[in-house]
Amino acid sequence: SYKYCVEILKSSKVEIPLVNPNNEQELNKFALIILGNLTRLSNGIQHEISREIAMLLFSNMKSVDISQIVSSLIESDLVDTKIDWINSVCKKLPVLVLLKSFRFGENDCDFISQKMESFIKIMLPQKTEEQVKFINEISEKLYLIVEKHLSSVSFYDSLLIKTSKQFNLSIEEIIPIVVSNFIGLCIQSYDAGRGILSNSLLPIIQHKTFSNRIEIEKSIIETLRFDPPIHNTRRIAIEDFYIGESQIKKGDSILIVLASANRDSQKFENAMDFDVERINNTENLTFGIGGHMCLAKYFSIHLATEALWHLFQNYKSISMLENQIQYEPLINARLPKNIWISIQ
């Protein structure tokens, strides 16, 4: 239920489970630094520190022309009015917008955006040998590119000094947290951004909710409730407690099905209907709630709104080229593999 999902997500009696205890996956030095400092995977004071740093990074983003980037991506891959929306736009746009917002150079943008699809496997609790090999191969170069660029931006020194004083840590201790969490923002942007851009296009075409920017944004928010890209998240109990009449014991693993909460009829009227005008659609749990709510939430919604508004504003005819959408074989996510469309 929506009620119990919120209760667990806000509870101080649960924590984020460890992804790589005792380095069982044999990640190298730089991969371990990145994984060990991510806001998304941390608890307690470590989470407070890394979340504050991630928020400071977000607050220093510069404005970029999203429409121009979308246009460039479409023009690069458009063949006879046909384009795969997933591989041409959804997998590239979110990370490119983030990197360009921090004024990364073209070569660095190309390198990071091309590697992100495989590098995000660092978040998986279980990894194949091939995935670990790739993560280890790319982590050092990725870390050093980000560290070098961030050290050159105007806000970097003040960010280090502020967080150093706030949490009584040395500058040397703060630097890897900053670098890792910028990489974390890239991971979150790729995850959330790809899912929103892909899943939102389908109902917008089906229901023809593209008359203006506001209608598109409403459609995106309702998609996040009705057909979210991320379906569940996990926690582990750190003490005994009850959810309703059910006892959760210390050490129990908890699967929180956000997609189920989003269809709870006790929370959302006519929950099985796609309705962009429902007044509480913004209360969906797709991005979580509480201390671990996804930092990329508003960034992702804004990016998807601008991208889809550009698409429908600049092309007179947009139609699907396939009836059956195939989805990635994932347990926790619902992501289309391809969406071939005709745009004219």
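This presentation describes two sheets and two pockets in one predicted model.

Good morning. The model is predicted, so to speak of it properly I note that local features need pLDDT of at least 70, that side-chain atom pairs count only at pLDDT 80 or more, and that totals for chains, interfaces and linings use all residues. Residues are numbered from 1 along each chain as its sequence is written, and side-chain values use heavy atoms, with hydrogens and water left out.

I begin with the sheets. Helices (H or I, at least four residues) and strands (E, at least two) are DSSP runs, numbered from the N terminus. Two strands count as paired if DSSP finds at least two bridges between them. In general, strands of a sheet pair through backbone hydrogen bonds, either parallel or antiparallel.

Which order do the strands of the open sheet with antiparallel pairing that contains strand 1 follow? The order is 1-3-6, with 3 strands in that sheet. Strand 1 (14-15) and strand 6 (253-257) are at the edges; each has a single partner strand, so one side of each lacks a neighbour in the sheet. Helix 1 (residues 2-9) packs on this sheet and touches strand 1, strand 3 and strand 6, and its direction makes about 130 degrees with that of strand 6. Contact here means heavy atoms within 4.5 Å. Axes are lines fitted to C-alpha atoms, for helices over the stretch in contact, and angles run from 0 to 180 degrees between N-to-C directions.

Strand 3 (residues 232-237) is joined to strand 6 by 5 bridges. Across this pairing, arginine 234 has leucine 255 as its bridge partner, and arginine 235 stands opposite isoleucine 254. On the other side of the pairing order, strand 1 and strand 3 are linked in the antiparallel sense over 2 bridges, where valine 14 has alanine 237 as its bridge partner.

Where do the side chains of strand 6 point? Ile254 and Ile256 point to one face and are buried (under 20% relative accessible area, with exposed over 50% and partly exposed in between, for a 1.4 Å probe and protein chains only). Ser253, Leu255 and Val257 point to the other face and are not buried.

The next sheet is also open, with 3 strands in the order 2-8-7 and antiparallel pairing. Strand 2 (82-84) and strand 7 (318-320) stand at its edges, so each, with a single partner strand, has one side without a neighbour in the sheet. From one strand to the next, the twist averages 30 degrees. Strand 2 pairs with strand 8 (residues 340-343) over 3 bridges, and lysine 82 is found opposite serine 342.

I turn now to the pockets. On a 1 Å grid over the protein atoms alone, a pocket is an open set of points where a 1.4 Å probe fits, with protein on both sides within 12 Å along at least five of seven lines; lining residues have an atom within 4 Å of a point. Grid points are joined across faces, edges and corners, and a volume is the space filled by probe spheres set on the points.

The largest pocket holds about 1600 Å³ of space. Its lining has 50 residues, and Arg40, Met123, Asp191, Asn232 and Asn332 lie nearest the centre. Helix 10 provides the largest share of that lining, 6 residues.

The second largest pocket has a volume of about 280 Å³. Among its 15 lining residues, Ser11, Val14, Asn43, His47 and His292 are the closest to the centre. Helix 3 gives the most to this lining, with 3 residues. Thank you.
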